[in-house]
Amino acid sequence: MAETAIRAGALPLRRRPSRRVARGMLAGLTALVGLPLPALGAAPYPLACAYFRRDLDQYKHCARREGGMVRVAPAHLARMRFERGLAELRVPGIGCLWVRRNGLALPVFLLDNGPDPFEQGLVRSWRDGKVAFYDRRLRLVLATPYDWAFPFNARGEALVCEGCRSDGRQPAAMVGGRWGLIDRTGRLVLPLAETDAADRRYFDRR
């Protein structure tokens, strides 16, 4: 008696596909190769952007969110002007950013209609809704528990506040809350208070 050809777990023998089926498979593969990259699963770039120092025209399919950062499409990186490894960018709905040559971009504070400049090698941004400082490689250097901060000055001190808010004007000012001074490690060198002592020391107002 003939032994059963299909053992447990083995696949049954299949007939060879007909010529019509084979031609259909070939046509499908050809059409797949001809599809644009996004249809093949390439990551899309749904956000528009505008380049600073070149023009303020918006370009579609420029960037996408990537965690707390932004990723810029390679085609747009090639058109940007980089200085000391960084370029400026504006993304509607996100704000102003600094962009590295590899496409990684960090949303930062807005200052004079542009991205916050680096002071003492650091730039102000946000992390978990609080102020944070990043270096020129866009690496996190210091995360703080504060609602606002001024840049680090030449003495290595930053003016910070807890519970302050914008006055809603243009340009806006931060009002209310308690203010103090921190060093580059985040340690308070002047405790938080509702007085202007930290403000006067930071701005050298005697």
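Q: How many salt bridges does the count come to here?
A: The count comes to 12 salt bridges, and it should be said at the outset that this is a predicted model.

Q: OK, take Arg71, what does its side chain meet in a salt bridge?
A: The side chain of Arg71 meets that of Glu66, with a distance of 3.0 Å from N to O.

Q: And Glu66, how accessible is that one?
A: Glu66 has a relative accessible area of 31%, so it is classed as partly exposed.

Q: What about Asp196, which residue is its partner?
A: Asp196 forms a salt bridge with Arg200 through their side chains, and the N to O distance is 3.2 Å.

Q: Where do Asp196 and Arg200 fall, buried or exposed or in between?
A: Asp196 is partly exposed, with a relative accessibility of 44%, and Arg200 is likewise partly exposed, its relative accessible area being 35%.

Q: Which residues are joined into one network by salt bridges that share partners?
A: That network is made up of Arg155, Glu157, Arg201 and Asp204, which are joined through salt bridges that share partners.

Q: Follow-up on Arg155 and Glu157, what is the N to O distance there?
A: Their side chains meet in a salt bridge with an N to O distance of 3.6 Å.

Q: And Glu157, buried or exposed?
A: Glu157 has a relative accessibility of 8%, and because buried means under 20%, it counts as buried. Its partner Arg155, in contrast, counts as partly exposed at 42% relative accessibility.

Q: Switching to strands, what is the order in the open sheet?
A: The open sheet has 3 strands in the order 9-10-11, and the pairing is antiparallel.

Q: Which of them are the edge strands?
A: Strand 9, covering 123–127, and strand 11, covering 140–143, are the edge strands, and each of them pairs on one side only.

Q: How much twist is there from one strand to the next?
A: The twist from one strand to the next averages 35°.

Q: How many bridges join strand 10 to strand 11?
A: Strand 10, which comprises residues 130–134, is joined to strand 11 by 3 bridges, and the two strands run antiparallel.

Q: Say I'm looking at Phe133, what is its bridge partner in strand 11?
A: The bridge partner of Phe133 in strand 11 is Leu142.

Q: Last one, how many residues lie between the strands in the hairpin of strand 10 and strand 11?
A: There are 5 residues between the strands of that hairpin, and in it Leu138 takes a positive phi near 65°.

Note on methods
Residues numbered from 1 in each chain as written. Predicted model: local features only at pLDDT ≥ 70, side-chain atom pairs only at ≥ 80, totals over all residues. Heavy atoms only, no water. Pairing = 2+ DSSP bridges. Helix = DSSP H or I, 4+ residues; strand = E, 2+ residues; numbered from the N terminus. Axes fitted to C-alpha atoms, helices over the stretch in contact; angles between N-to-C directions. Salt bridge = Lys/Arg side-chain N within 4 Å of Asp/Glu carboxyl O. Buried < 20%, exposed > 50% of the residue type's maximum accessible area, 1.4 Å probe, protein only.
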